[in-house]
Amino acid sequence: MSPRQITVLGECVADAFTEPARARNELALRVLPGGGPANTAVALARLGTPARFLARLSGDVFGRLFRAHLAASGVDLSRAVEAAEPSTLAVAELDAHGQATFSFHAQATADWQWTSAELAAVDLTDTACVHTGSLALVKEPGAGVVEDFLAAAAPRATISIDPNVRPLLVRPEVYRARLARWCGLADVLRLSEDDLELLLPGTPPEQACDTWHAAGARLVVITRGADGALASLDGERVQVPAVATPVVDTVGAGDSFTAGLLHHLGTRGLLGGRLTDLRLGDVEAACLFATQVAALTCSVAGPNPPWHDQMAPFPTDKAVVRHLDSTH
């Protein structure tokens with residue numbers, strides 16, 4: 001089945017990675033297009049899902065880089081806003097394990113200036129799922145506008161949210177204050193172990209899933225790095241192992257996982273409503289696929305998700321069902 005369109009809303013950020021400089025008093029940076037929502041849109045398009053990106057893209061040098069990158073990956077930019085404000089810049093420092101720590105330069109930049117008029121004319125007739133998250137849902141003045149857009153989209157599309165907590169830019173309590181509202185809007189909530197610790201410090205993942213189910217989210221997926229992912233569908237849970245891979249860096253891995261999850265569900269016709277036909281076996285199969293996408297992203301530098309033809313052959317649904325029968 002050919003997947004229906006997924007509309008992704010959010011920021012596109014210039015990720016600047018430090019590199020060896022030619023002189024002691026210089027700092028060399030290599031700039032790549034990034035930002036959680038943009039990474040997810042790129043990964044979806046490369047996997048073969050029609051992906052439309054709702055973004056406010058600056059006309060500066062970074063904005064032009066974003067447009068070229070997104071278009072080259074097959075992302076639909078027909079509803080992207082040409083913004084007068086500058087682009088957001090994130091400077092990434094990588095540790096010995098390829099884990100990135102970001103510092104942001106995001107004051108009055110293009111990504112957060114959404115107005116109701118800019119989103120009012122967006123046609124969602126062909127959209128099976130709306131995905132958003134990260135800073136677009138917490139940075140004012142646009143955060144409230146984005147929430148209103150999700151509420152308007154919910155009757156006709158599956159809603160997917162990735163909080164992607166950035167404590168250096170927005171305090172965790174701001175996310176916490178909005179999280180119950182997001183769960184009331186979301187059918188899918190995907191977050192990392194780091195996000196969990198910032199949102200509900202000290203809370204076991206299973207208890208957190210139940211809290212977010214009670215608030216309205218049907219499917220909660222917590223990615224756990226080398227430990228794989230925990231998925232919970234209305235309280236039924238499955239643990240999926242990670243795919244072993246040489247790690248260059250982890251930038252964009254969570255975004256690629258989300259794209260893999262949504263792509264797999266979409267190709268099986270499971271997006272487009274409240275996930276009423278979704279079963280735990282479907283969730284496990286989608287998460288297994290998503291871990292492959294994330295692993296390939298970790299094996300290369302920067303947020304560079306794989307194309308469809310780079311994906312290894314994936315087990316059929318029947319093979320997954322037999323696996324479930326034998327292990328659960």
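Helices (H or I, at least four residues) and strands (E, at least two) are DSSP runs, numbered from the N terminus. The model is a predicted one, in which local features need pLDDT of at least 70 and side-chain atom pairs count only at pLDDT 80 or more, while totals for chains, interfaces and linings use all residues. Residues are numbered from 1 along each chain as its sequence is written, and side-chain values use heavy atoms, with hydrogens and water left out.

**Exercise 1. Backbone angles**

Task: Find where Leu275 and Ala108 lie, and state whether each is buried, partly exposed or exposed.

Solution: Most residues other than glycine have a negative phi, and most peptide bonds are trans. Leu275, which sits in the loop between α8 (253–267) and α9 (280–298), has a positive phi near 60 degrees although it is a residue other than glycine. Buried means under 20% relative accessible area, exposed over 50%, and partly exposed in between, with a 1.4 Å probe and protein chains only; Leu275 therefore counts as buried, at 3% relative accessibility. Ala108 is also not a glycine and has a positive phi of about 55 degrees. Ala108 belongs to the loop between β8 (100–105) and α3 (116–120), and its relative accessible area of 48% makes it partly exposed. As a last step, look at the peptide bond joining Glu140 and Pro141, which is cis, with omega about 15 degrees; Pro141 is in the loop between β9 (127–133) and α4.

**Exercise 2. Helix α5**

Task: Check the span of helix α5 (residues 172–185), and describe its bend and its packing.

Solution: The expected span of a helix is 1.5 Å times one less than its number of residues. The 14 residues of α5 should therefore span 20 Å, and the end C-alpha atoms are 20 Å apart, which agrees. The bend at a residue is the angle between axes fitted to the seven residues ending there and the seven starting there, and α5 bends by about 40 degrees at Leu179. Leu179 is also one of the buried residues of α5, which include Tyr175, Trp182 and Cys183. With contact meaning heavy atoms within 4.5 Å, the buried residues of α5 pack against α4 (143–153), β10 (158–162), β11 (188–192), α6 (193–199) and α7 (205–215).

**Exercise 3. Cysteines**

Task: Explain why Cys183 and Cys12 do not form a disulfide.

Solution: A disulfide is counted when a pair of cysteine sulfur atoms is within 2.5 Å. The sulfur of Cys183 is 10 Å from the closest cysteine sulfur, in Cys209, and so is too far for a bond; the sulfur of Cys12 is 19 Å from its closest, in Cys129, again too far. Cys183 is buried, with a relative accessible area of 0%, and Cys12 counts as buried at 2%. A search of the whole structure finds zero disulfides.

**Exercise 4. The largest pocket**

Task: State the volume of the largest pocket and which residues lie nearest its centre.

Solution: On a 1 Å grid over the protein atoms alone, a pocket is an open set of points with protein on both sides within 12 Å along at least five of seven lines, and lining residues have an atom within 4 Å of a point. The largest pocket has a volume of about 1,200 Å³, where a volume is the space filled by probe spheres set on the points, and grid points are joined across faces, edges and corners. Its lining has 47 residues, of which Gln99, Ser192, Thr250, Ala253 and Gly254 lie nearest the centre.

Terms used: 1 Å grid on protein atoms, 1.4 Å probe; cavity = no way out; pocket = protein on both sides within 12 Å on 5 of 7 lines; lining within 4 Å.
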